[in-house]
Amino acid sequence: MLAQNKGWYGGDNEGSAGEGFSRFLAAQFLIANGLGVTEPGFALANSWMTTSREDFVNNVDPGDNKIDKKTGCAILFIYYLNVQLGFSINELVSAASKNLSGVYKNLTGDLSDPFPYFKSLLDDAFPGTTSIPGSNPDNPYPLGSLSFVMNKSTFGKDEVQDVLSPLQNGTFPKAFWLTIDGFNTRVLAAPLLTGPSLSGAALNFPGISITLNPSGAEFEFGVLADVPQRVRLPFDIKFSPSSLGGFPAKNTAPFELELDASMIIAGKPYSASTLLEFTAGADPYFTNVDPAQHNVFYMSQDLRVFTATPALNNIPVAGGPLFLSDSVSGAYSYIQQLISYLNVNYTDPTGVDLFSSVLPGQTEAYTGSSSVTPTTVTTSDSKNGGGGRLTTVSNYNFALARVRLRGGTGEQANDVRTFFRLWSTQTADTDYQTGSTYPSHLDSNGLPDWPLPVADGHTIPFFATSNNPNLSDPNNPEYGTNGVNNRTVTVTVGDSCWAYFGCFLNIYDPANTVNGAPVQSLLTGTHHCIVAQIAYDDAPIINANGITESPENSDKLAQRNLEVTLSSNPGSADTHRIPQTFDLRPSLPLVEGQGDLSNYPDELVIDWGNTPQGSTASIYWPQVNVPQLLLLASRLYGTHQLTAADNHTIHCKVGRGVTYVPLPPDSGQNFAGLLTVDLPKTVSKGEEFNIVLQRISTRRQVIILRSATETKKESSPEVEKNTPASRKTSRKRSHSTESGPIPAPETPERETNRTMRNWRYVVGTFQVRIPVSTEEAMLWPEENTLAIFKWRLQLMSHSNRWHPVLQRYVDYLSARVAGLGGHPSQVLPSPTGMPAPSLLRKEFTGKVCEVIYDCFGDLEGFVLCTCEEDRHLFRTRERAIGEIALRALKDRLLLTVYAKQQDLHTVCSIVIKG
């Protein structure tokens, strides 16, 4: 090492790193010759483990060669590189550096600091000042983890029967992931090739099969084989017709079956466990997975939004009722008539599927959850073929939910109500938090009577009868007896039926107020998450077993959660910047040292999908201290690409993988956020990019750890639940996620091989879709959005958590408008957006008197002479316009040319007169 002179030898002696390496090599000699693992009294590691565990990876002492905390830290880090990350002795020797973090960088190419993650692995396994036991305390590795992340863990008999259709083939794709932490793909190559082994009573459920999803492993950094990273293995759960006999009988309690997984990694067994829940049928329910939407839960096939424009089409749903009055009252009347019509004509599941063939298609339905499309631009008097002048007509947004019931003929569910709730922007917090996102007025049994708005307006209920129906009246027209959204659902033919519920999303009406503010002023995004909730007293939604229910997991909640933001092609850089507001609550307080994942904060998981590599992304969180968040990320992840653009903005590069962002614990308000993606200029019209964002959380329940060698009692596979006194309490358990932090149990004695009896789960999901369009198509909608957000920002208090976010959002919108050729300073605040484009244009009528070409014969423009003897020059390079101008000049045709008010020499459109 001295002769090598690259860093393994310190100054006058080996130094703390060289001493640690020397003793590591001596141990390898002993092992290779069968002489043991270390000489008595020569172990170093616990000299560091029993202290405050300072950083001697970045701070090597070149003059220290004693048995102390510095050399103890050094040998532990060297074993980490060798055993945990799989680097050979020769590779370690060649990677010499003046400090150990330099050795890591030379081996992996990773420039991030390795110490926080190295320390966190040891802190999790040996908390506090716990020493390492065993014959070689210098080598506690490997120290990774295997755990479940559940996307769908509750399965109802009826929804499974629906999914047995040929299109879905009984499959719930990516129902869960197995997550491996602590290793690089160099070490994981062989284990991933073999794959994990699954076992447990859940595999004995009739007709079930659980297999790895064909998409395969999901990496943070893809081909970076030497960098420690999290790897997710997605699994599908598939049922067969024989599965239906395995579900609990009607009106009996659900049951849970254990699912176990195990892998051998770096010679050590890892295992994890979770529970799958199976519930009885014959309750009203939604089927959320939709083969037309790639079977994702957040685009439920039983919830649809659509836009009606009665000035253009007064029969929005073909064959349905007329939209007679182009007004708010007319919209309420229309949705009530439509609900009645659907419940007469589309209740048979063997007949026409209204949602896939009659309502507007998914592409057209994008604007149904938009709050920045109050109008549609059309030609005046277009119904009678007159005019030619552009004008705007009003849009009205609606939501429809389809509720299903299975059972024999005559099967009936009474007093089935459906609530509709809109989030102020996109969110991954759609789980059933009754105190924060789903507040309701409760009846004497503590069950929901009707939905209430949240105090800060971040979730808002909408109705089918009026803005504020008198819901305390038992005969109210909304949820009262015979109310439009309170129905008795009856199977009249066959073994199933459909029933319909709906609401008018009255977001543009200034008279529609919540907590004293116009609904429009409370909205902080352009598209919004909407959730339909079945309120059925005989099967209420109950958070249990440490997990909150959500549209991902419950058949009583249906969600549509999609954001659409356009990118220009080619356009300026500002038009390739895609901004999206979103709302997330902070993590609950962490519980350190339990070893059950409760010391993990919630995480935002961003799957970049097909977003071009080289794109950059940022998250602006004014309420978050970004430097502290990055410290948390460094402790949680072997490496990451998160950096601080400023004290409240995270920045990262987009790669072919998944990015994890920890959500800091806090007891205050939700985090108002702005996600921005900057696409490269190489994107082209017709391309579309999709980004999926999920929140994952830890199951908040005291977990009893058991030794991996403990015998499992397979003769009693079910995890029994409390016997219910009534149907209404049949799913109650202790410690829901709303009960606060996990009570701290007695600290268990640490063992090296333990099964993780806790797991993580998906709280909620939303998707950002980015179609690439053109400047001409984008400008007016973008100006419209800017006008509305200037108005919202104008009404917002500076103390509002959203104010700095919307200020930055408006700045980005202004830059986009300018990049598209508009003039953002001329866009005035307005809750109804911009006037029709025709009102922003100037009209010139006359005859072409000149067509102008340059010295190369290329078109430069033409001159129009008006009756007022004015000559007006229009510049254009478009060949088709040149051909029109030449013909008009030759035939003396009368033209009307529309030009932009901001640029009277640019052609917007041409009308040829007879």
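The expected span of a helix is 1.5 Å times one less than its number of residues. This relation serves the first of the exercises below, all of which concern a predicted model.

**Exercise 1. Compare the end-to-end reach of helix 13 with its expected span, and decide from its buried residues how far the helix is enclosed.**

Step one is to identify the element: helix 13 covers residues 775-795 and has 21 residues. Step two applies the relation above, and the 30 Å from the first C-alpha of helix 13 to its last is close to the 30 Å expected at 1.5 Å a residue. Step three turns to burial, where a residue counts as buried under 20% relative accessible area. Of the 21 residues of helix 13, 15 are buried, so the helix is largely enclosed by the rest of the structure.

**Exercise 2. Work out the strand order of the open sheet that contains strands 10, 13 and 20, and place helix 9 against it.**

Begin with the order, which is 10-13-20 in an open sheet of three strands with antiparallel pairing. The edges follow: strand 10 (303-308) and strand 20 (496-505) each pair on one side only. For the geometry, neighbouring strands of this sheet are turned by 25° against each other on average, with direction ignored. Looking next at one pairing, strand 10 and strand 13 (residues 396-406) run antiparallel and are joined by six bridges, and Ala308 stands opposite Tyr396 in strand 13. Finally, helix 9 (residues 328-345) packs on the sheet and touches strand 10, strand 13 and strand 20, while its direction makes about 175° with that of strand 20.

**Exercise 3. Trace the pairing partners of strand 8 and determine how many of its residues are buried.**

In general, strands of a sheet pair through backbone hydrogen bonds, either parallel or antiparallel. Strand 8 pairs in the antiparallel sense with strand 4 (residues 197-199) over three bridges, and also in the antiparallel sense with strand 9 (residues 268-279) over eleven bridges. Asp260 can be used to follow both pairings, since Ser199 stands opposite Asp260 in strand 8 and Asp260 stands opposite Ser273 in strand 9. The hairpin of strand 8 and strand 9 has two residues between the strands, and Ala266 takes a positive phi near 55° there. As for burial, nine of the eleven residues of strand 8 (residues 255-265) are buried, so this strand is largely enclosed by the rest of the structure.

**Exercise 4. Classify two aromatic pairs by their ring geometry, and state which parts of the chain they link.**

The model holds 43 aromatic pairs in total. Phe24 and Tyr79 lie 4.9 Å apart centre to centre with 80° between the planes, which makes the pair edge-to-face, because planes over 60 degrees apart count as such. This pair links distant parts of the chain, with Phe24 in helix 1 (residues 15-32) and Tyr79 in helix 3 (residues 69-84), 55 residues apart. Phe24 counts as buried at 0% relative accessibility, and Tyr79 counts as buried at 2%.

In the second pair, Phe582 and Phe766 are 6.2 Å apart centre to centre with 35° between the planes, and the pair is tilted. Phe582 belongs to strand 27 (residues 577-584) and Phe766 to strand 38 (residues 760-773), 184 residues apart. Phe582 is buried with a relative accessible area of 1%, and Phe766 counts as buried at 0% relative accessibility.

Key: Residues are numbered from 1 along each chain as its sequence is written. This is a predicted model: local features need pLDDT of at least 70, side-chain atom pairs count only at pLDDT 80 or more; totals for chains, interfaces and linings use all residues. Side-chain values use heavy atoms; hydrogens and water are left out. Two strands pair if DSSP finds at least two bridges between them. Helices (H or I, at least four residues) and strands (E, at least two) are DSSP runs, numbered from the N terminus. Axes are lines fitted to C-alpha atoms, for helices over the stretch in contact, and angles run from 0 to 180 degrees between N-to-C directions. Contact means heavy atoms within 4.5 Å. Buried means under 20% relative accessible area, exposed over 50%, partly exposed in between (1.4 Å probe, protein chains only). Rings of Phe, Tyr and Trp (its six-membered ring) pair if their centres lie within 6.5 Å; planes under 30 degrees apart count as stacked, over 60 as edge-to-face and the rest as tilted.
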